[in-house]
Every structure is written in C-alpha cells, then in structure tokens.
Amino acid sequence: MPEKRAARLSPDERRAQLVTIGVDMLSDRSLDELSTDDVARRAGISRGLLFHYFDSKRDFYRSMVQRECDDFAAAMEPDPSLEPVAWLRSFIACFTAYVTEHRRVYLALVRGAAGSHPAVEDIVESTRTLVARRVVEGQRRLGMPDSPRLPVAARAWMAFAEEAVTNWPLDEPDALDALGAFLESGFVALLGTLDRPVALPG
C-alpha cells in the first residue's frame with residue numbers, strides 16, 4: 001500500500017502538528033522512548049523533513065514540553081476579579097480538571113522523569129515555580145499569615161495535590177467534588193497554620 005502523502009501545511013502548522021503528535025504519543029511512553037521516526041511516520045513525512053522544522057531531537061523535545069507546560073500554566077490562572085474563596089476554588093478546580101483530563105501526559109512530562117530530563121528540566125522547573133507562585137497568591141488572598149516557610153509549604157501542597165489528583169478514584173459518585181474538597185482542606189491545613197503548628201493531643 002503506498003504511503004499516505006502529507007497534507008501541505010505552512011511551516012508553523014507543520015510544527016504544531018508534529019508537536020501535537022509527539023505529545024499524544026507520550027500517553028503511553030516516556031520522553032526517552034519517543035521515536036522521531038514514529039512521529040514523522042504518523043505525520044506522513046520523512047524523518048529528515050521533521051528536522052527541517054526542528055533543529056534537533058532536543059529542540060523537538062523542548063517544543064513539546066514547552067507547549068504542554070504553557071497549556072498547564074494557562075489553565076491554572078483563575079479570574080483575578082473573583083473573591084478570595086472563589087479564586088482558590090477556581091484554581092483547585094482548574095488544576096483538577098487539567099490533570100484528570102491529561103493524566104498520562106501530565107505524569108510523563110510535568111511530574112515524571114521528563115521533569116529531570118536535561119533537555120527540558122528548566123522548562124518544567126519554570127512551570128512549577130509559576131504554579132507555586134499562584135499557590136502563594138491564593139494563600140495571601142485568603143489573608144493567611146505570611147511566613148518564611150511559605151515557599152516550601154506551597155511546593156508541599158503541590159506535591160500533595162499531584163498525588164491526590166493522579167490517584168483519586170474517579171468512578172465514584174461526585175468524585176471531582178470530593179477531590180476538590182479534599183484538596184481545599186489540605187490547602188488550609190498546610191498553608192493556613194505555618195506559624196501555628198497543630199500538635200497531636202496528648
């Protein structure tokens with residue numbers, strides 16, 4: 001059977017198509033396992049032509065991760081006009097929706113081994129820093145006390161939230177509402193008592 005001919009696209013359209021194909025393929029493989037031959041084949045072009053649009057495999061990796069991280073960061077931006085509690089709930093709902101809808105790719109790119117991959121580590125860390133700043137913004141919008149421990153607590157909440165969202169049983173009734181409430185209570189517990197640690201009774 002003759003190979004499917006690639007549709008004629010502009011350079012920007014072709015780059016976007018190749019990045020989308022690469023990100024989609026990360027739903028069942030790691031960044032290191034991603035084959036540019038397979039990406040090119042799915043796009044109906046040669047591997048050599050893929051490198052007409054990207055300077056190197058590293059450049060292709062970075063383009064994929066940057067696109068996904070940009071989408072993730074954009075999804076974590078609630079309406080600034082919201083009242084503090086509504087802002088926080090919107091932030092948590094956006095985080096939950098994005099990760100549950102893109103769970104496998106999120107695990108592969110943002111949370112998984114790609115986060116320490118030398119080609120993309122700076123992109124992932126920059127995105128984590130941006131999301132951590134939004135966690136801090138939520139804490140301050142709620143009028144919770146400032147503390148030198150706040151940056152650490154923000155990262156701790158992010159790790160807690162990632163673990164919860166990526167493992168929460170979504171087939172239960174009202175699963176997303178229960179998950180949102182769980183993340184909200186964790187936010188208050190981790191970020192609302194930084195200078196007033198809660199001691200166990202006894």
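This is a short walk through the structure shown above, from its overall make-up down to single residues. Keep in mind as you read that the model is predicted.

Let us begin with the whole protein. Its secondary structure consists of nine helices and zero strands, so if you follow the chain from the N terminus, the order of elements reads α-α-α-α-α-α-α-α-α. The C-alpha trace extends over about 75 × 40 × 35 Å along its principal axes. The protein has 202 residues, and 40% of them count as buried. Its accessible surface amounts to about 11,300 Å², with 54% of that belonging to carbon and sulfur atoms. Contacts also tell us how the chain comes together: among those between residues at least 6 apart in sequence, 67% join residues at least 24 apart.

Now turn to a pair of helices towards the end of the numbering, H8 (residues 150-167) and H9 (residues 175-191). How do they lie against each other? Their axes are 10 Å apart and the packing angle is about 160 degrees. Angles over 145 degrees count as roughly antiparallel, and H8 and H9 therefore fall into that group. The crossing of H8 past H9 is right-handed. On the H8 side, the residues that meet H9 include Leu150, Trp157, Phe160 and Val165, along with several alanines such as Ala153 and Ala161. H9 answers with Leu179, Phe182, Leu183, Gly186, Phe187, Leu190 and Leu191. Sorted by class, this contact holds 15 nonpolar residues, one polar residue and no charged ones.

Helix H9 has another partner to look at, helix H5 (residues 84-101). The axes of H5 and H9 come within 10 Å and cross at roughly 125 degrees, which makes H5 oblique to H9. Here, too, the crossing is right-handed. From H5, the residues Leu88, Arg89, Ile92, Thr96 and Thr100 take part, and they meet Leu176, Leu179, Gly180, Leu183, Glu184 and Phe187 in H9. The classes in this contact are six nonpolar, three polar and two charged.

With those helices in mind, pick out Val165, which sits in H8. Is Val165 buried or exposed? Its relative accessibility is 0%, so Val165 counts as buried. Setting aside neighbours within four places in sequence, Val165 is in contact with Phe95, Thr96, Val99, Thr100, Arg103, Leu179 and Leu183. Among these partners, Leu179 and Leu183 also appear in the contact of H8 with H9, while Thr96 and Thr100 belong to the H5 side of its contact with H9. Leu194 is 29 residues from Val165 along the chain, and their C-alpha atoms are separated by 24 Å.

Two further residues take us to other helices. Thr127 is placed in helix H7 (residues 121-141). With a relative accessible area of 7%, Thr127 is buried, and beyond four places in sequence it touches Cys69 and Phe72.

Arg15 belongs to helix H1 (residues 11-25). Which residues does Arg15 touch, not counting those up to four places away in sequence? They are Tyr53, Phe54, Asp59 and Ser63. Arg15 has 30% relative accessibility and so counts as partly exposed. To link this residue back to H9, compare its position with that of Phe187: the two are 172 residues apart in sequence and 39 Å apart in space, C-alpha to C-alpha.

Terms used
Residues are numbered from 1 along each chain as its sequence is written. This is a predicted model: local features need pLDDT of at least 70, side-chain atom pairs count only at pLDDT 80 or more; totals for chains, interfaces and linings use all residues. Side-chain values use heavy atoms; hydrogens and water are left out. Axes are lines fitted to C-alpha atoms, for helices over the stretch in contact, and angles run from 0 to 180 degrees between N-to-C directions. Helices (H or I, at least four residues) and strands (E, at least two) are DSSP runs, numbered from the N terminus. Angles under 35 degrees count as roughly parallel, over 145 as roughly antiparallel, 65 to 115 as roughly perpendicular and the rest as oblique. A crossing is left-handed if the near helix is turned anticlockwise from the far one by less than a right angle, and right-handed if clockwise. Contact means heavy atoms within 4.5 Å. Ala, Val, Leu, Ile, Met, Phe, Trp, Tyr, Cys and Pro count as nonpolar, Asp, Glu, Lys and Arg as charged, and the others, Gly among them, as polar. Buried means under 20% relative accessible area, exposed over 50%, partly exposed in between (1.4 Å probe, protein chains only). Accessible areas come from the Shrake-Rupley method with a 1.4 Å probe; for residues, only the protein chains shown count as cover.
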